[in-house]
Every structure is written in structure tokens, then in C-alpha cells.
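Notebook open, coffee poured. I'm going to look up a few spots in this protein and jot down what I find.

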Amino acid sequence: MTVLAPGENRPAPGDELTVTVACSAPVDVSALLLDTAGKVRSDADFVFFNQPTGPGVVYRHGNGGPDIVQVTTSALPADVDKVVVTASLDGRGPATFAAVGNLTATIQSGPTALTFPVSGLTTESGVVCVEIYRRGGAWKVRAIGQGYDDGLAGIASAYGVNLDDEPEPAAPQGNTALTAHPPQGAPQHPGAPMPPGQFPPPGQPGSPPPAHFGAQPSYASQQGVPPVHSDLFDPSHAEVNGLGIQKQGGKMVKVGLNGEVMARSGSMVAYQGDLKFEALGSGGIGRAIRQHLTGEGVPLMKVSGRGDLFLANSAADVHIIDLDGSDGLTINGANVLAFDSTLRYDIGRVQGAAGIASNAGLFNCVFTGRGRIAITTHGTPVVLTVDQPTYADPNAAVAWSSSLQTGIKRNDSFGLGRLIGRSTGEASTLSFSGRGFVIVQPSELPPGGLLGGTGGGQQAGTGGSLFG
């Protein structure tokens, strides 16, 4: 085995190269395919845990051992000049490589191995370990060891990966803050603007033509037998009409689609028409990185086409909120059911909430822009107007205006009662100040609760809970 010094290069030991990155702390390993300018040609050239394959490159998780990147140089596109292999701390251990004992990258092909022990790192949380590059019609390898203070996101950005998942929303119009969806059939003042995704009743100016995505079913048999009778056929159980995201009863939404909508993966319970379902993971490379590090996010699917889509989440109560762009909505990812593709969301830290576990979470999803979002709660919530100091149990606060300031208030005084185990059971509450609203559900389930599986974010809605 040949040990490489920083900056040293050697001929690649073969066409099929296995790059193994071993570290004494948990790290995420990735690879980037670069052109002659040292940039990725597109985001598809970033190979990592959420996108494990690229042309000629495959990432393999170590499953308890070191992660591996396999590079087949003969399969690399002609306009790929080099492949860099990186390592970044994943948040489960030290914050920087200064506290990490060993980090070693090994390039092997057959019996030949080149190894590079990375050293000299201090404040960095990400590092480019080695590169495989073209030179004079052949492939060579070089020991790099260049560190980045901002981890995997910093490395990806430096090589041209687009970490902005969507373009910025259009400039807001009007000054109305978040508005709850009005009751179905509620009268509108003539000429009043309609919230995003809502349309005037038929016959009023601006109303779209009736949408018919299928014939109304007949409950009488056409074979001469008696018709079927049931209170299920009462009009209250019929599907609602119109386009966009609408409540279908109290525990389901119907999306009248003639375009696309973003929905929680696995939330479809029925659909009619010609719809296409596309899995999106967390919704983008930058968000996938943040979701991986924080545990927060929304596992998404994009549904497009023309038809009727019905969504639900373990019979949770459903509510609809319209955003007009003047304020955002902060919400736990486990409580998001669907939203218009015009909305943008990111993952942000709940200020002042360090050290608590809650449905609010240490990190939450923040939605901004103009559009409609369907959320879920465990039970019928109360919506508190924050016009004075407001407090909520951290496990009951579901969502709130993003413009509010948050913090933690300690309620139990520390005294003899605390020392011998007596407590009010309300030791800490989440505090809100400013002007806005807080949605509080009548439940103090742990993060994600029965609605979100064993955790929020990426795991929410998957195995280990009452909905799968």
C-alpha cells in the first residue's frame, strides 16, 4: 500500500476504482463530477446519499462501515475532467474535524491501493479528500485535503451545485396576512379578491367553467336489478366541485388538478382522471442536505395532469390556509399534507427552542409566497391571536406566523419539590411575541405523534406509526 502526501499525485491504479473513506466520527461521503472549469455540468453530477448514482460513479453507504464511492473511468462522459471525493461531518458527532481522530481516503483497484491520511484540519466540517483527473489521455489521482467550514453544503456550492430548490416567489400583492380557508359556500362581497386557489361561484365574474373530470355515478343498476340504497349516497358525502386544494369533509382534501400540486408522499387515497405521480424526496438537493442534518422536512411527491386527487393522513383533521406573500407559515413537517407549487418552503431553526423536543421541533418547515397549503392536526385546534404574550405546550403548538418571535419560558421554580420529584407537569412552554397567530392542537403527542410516525421530517409518515 502506497501512502500519499498532501498534493502528491500518482497514476490511477486501474479503470475500476474503489474510493473508501474511513473516519473515527460519522461522516457523509459524496462525489462530484467536474468539467474543465472545475464545476458540475448540472446538479445530476452531485452524487451523494440522496442521489447515489451518476454517469460512471456510484455511492454506496457503509452500513456501519466506511462509505464507498466506485468510479469507472472508462464510463465517465468525455466532458468530465475530474471526480472529487469528499467527506463531511453529519451532525451526530463533533462539529469540526479538529475533534476527529482519524480520516483516511483509500483508492484501490485490484491488489493496488493508494491511501491518504487527511490531517491538519481545524474549524472545517467538510473536506475534499482526493480527486481523480484526466492528464494526457490517462487518469491520475491526487491527494487534496482541502477543508470547508460550512460542510457538505459549502463543498457543493463551491463546485457549482444549485442549492436553491425553487426560484423566489413573485412579489406579494396586497397586505392581507395569512387567512384561514372560509367555510364552503360562504358568500363573497361582489368584486372582492379571492384567496389563491379559490374561485367565485358559477355565474359570477372571474369564475372558471365547471370542471368535469368524470361522469356522476349512477346508483341504479342498468341491468334491471333494484338500485342500491344507503345514507352514504347522501349529497353530504359527494365530492366537492372546483379546481385547486379544497376540504373534502373534515379529514380529507380534494385537489381539482389542471396542472400540478405538491403532496405528502403516500397521502393519496384515491384519484380520477389522468394524473402522474413523481417522487421528489425532500424537494431539492439543498433541502435534502438540510433535512438530513436536521431530521426535519416533508417527503414529497409531485402530482401533475388533469383530474381529481384525494389526499388524507391517517384520518387526521384537515385545515386549509391561504398565504398571500406578506407573512410565512412555520410548521412541523409531519403536519403538512399538500401545498400549491407556487409556494416555497425551507427548513429553519425555531429560535429559542434548543433543548426541547416538540411537535414544534428544534427545526421546522417555513412556507412563504402566495398559494394554499393543507395541514393536519390531531383533533380540532384553537387559533390564538398573538396580540399579547402567548404561551403553548411545545408538543401542542402545530404552526404559527413566521414573523413571530419564539422562545422558552421555564414555569416550574427550582426548589425542594423539584428535587423530590414534584412538578406541575408544565416545566417549559414555547413563548410567542409579536403580531400573528398560533395554531394549537388538543394533543400533546411527542414529535410527529400518531400523525408523523416515530419522528418528524423525513421519517414522518413512514413505518413505526399508525400510518404507513
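**A tyrosine to start with**

I began at Tyr 271, which sits in strand β17, residues 268–281. Helices (H or I, at least four residues) and strands (E, at least two) are DSSP runs, numbered from the N terminus. Is Tyr 271 buried or exposed, or something in between? I got a relative accessible area of 38%, so Tyr 271 is partly exposed. The cut-offs I use: buried is under 20% relative accessible area, exposed is over 50%, and partly exposed is in between (1.4 Å probe, protein chains only).

Tyr 271 joins Met 268 and Phe 277 in a nonpolar surface patch of about 250 Å². Patches take residues with over 30% relative accessible area and no salt bridge, joining like charges within 9 Å and nonpolar side chains (Val, Leu, Ile, Met, Phe, Trp, Tyr) within 5 Å. The areas come from the Shrake-Rupley method with a 1.4 Å probe, and for residues only the protein chains shown count as cover.

**How far to trust it**

Note to self: this is a predicted model, so local features need pLDDT of at least 70 and side-chain atom pairs count only at pLDDT 80 or more, while totals for chains, interfaces and linings use all residues. Residues are numbered from 1 along each chain as its sequence is written, and side-chain values use heavy atoms, with hydrogens and water left out.

I looked up the pLDDT (the predictor's confidence in each residue, from 0 to 100). The protein averages 76, and 69% of the residues score at least 70. Residues 180–218 stay under 50, and the model gives them 39 contacts beyond four places in sequence. Residues 412–425 are also below 50, with 10 contacts beyond near neighbours in sequence. A contact here means heavy atoms within 4.5 Å.

**The whole protein**

I counted three helices and 30 strands. Of the 468 residues, 44% are buried. The accessible surface comes to about 22,000 Å², and 53% of that belongs to carbon and sulfur atoms. I also checked contacts between residues at least 6 apart in sequence: 73% of them join residues at least 24 apart.

One example of distant partners is Gly 244 and Asp 340, which are 96 residues apart in sequence but 8.2 Å apart in space, C-alpha to C-alpha. Gly 244 lies in strand β15, residues 244–247, and counts as buried because its relative accessibility is 17%.

**Helix α1**

Which residues of helix α1 (residues 151–158) are buried? I found Gly 151, Leu 152, Gly 154, Ile 155 and Ala 156. After α1 comes Gly 160, with a positive phi near 95°.

**Two polar contacts**

My rule for a polar contact is a pair of N or O atoms within 3.5 Å; within protein, one must be able to donate a hydrogen and the other to accept it, and residues adjacent in sequence count only if both atoms are side-chain atoms.

Ser 326 is in the loop between β19 (317–324) and β20 (329–331). The side chains of Ser 326 and Asp 324 make a polar contact of 2.7 Å. Ser 326 is partly exposed, at 38%. I also noted Thr 368, which is 42 residues from Ser 326 in sequence and 8.4 Å from it in space, C-alpha to C-alpha.

Thr 377 is in strand β24, residues 370–377. With a relative accessible area of 1%, Thr 377 is buried. Its side chain has a polar contact of 2.9 Å with that of His 319.

**Salt bridges**

Side chains of opposite charge can pair when their charged atoms come close. A salt bridge is a side-chain nitrogen of Lys or Arg within 4 Å of a carboxyl oxygen of Asp or Glu, and my search of the whole structure found 11.

Glu 8 and Arg 10 form one, at 3.1 Å from N to O. Glu 8 is partly exposed at 23%, and Arg 10 is partly exposed at 31%.

Lys 302 and Glu 260 meet at 3.9 Å, N to O. Lys 302 is in strand β18 (residues 300–311) and Glu 260 in strand β16 (residues 253–264), so this pair ties together parts 42 residues apart in sequence. Lys 302 is partly exposed at 22%, and so is Glu 260 at 36%.

Last entry: Arg 41, Asp 45 and Asp 79 are joined into one network by salt bridges that share partners. Between Arg 41 and Asp 45, the closest N and O atoms are 2.8 Å apart. Arg 41 is partly exposed at 35%, whereas Asp 45 is buried at 2%.
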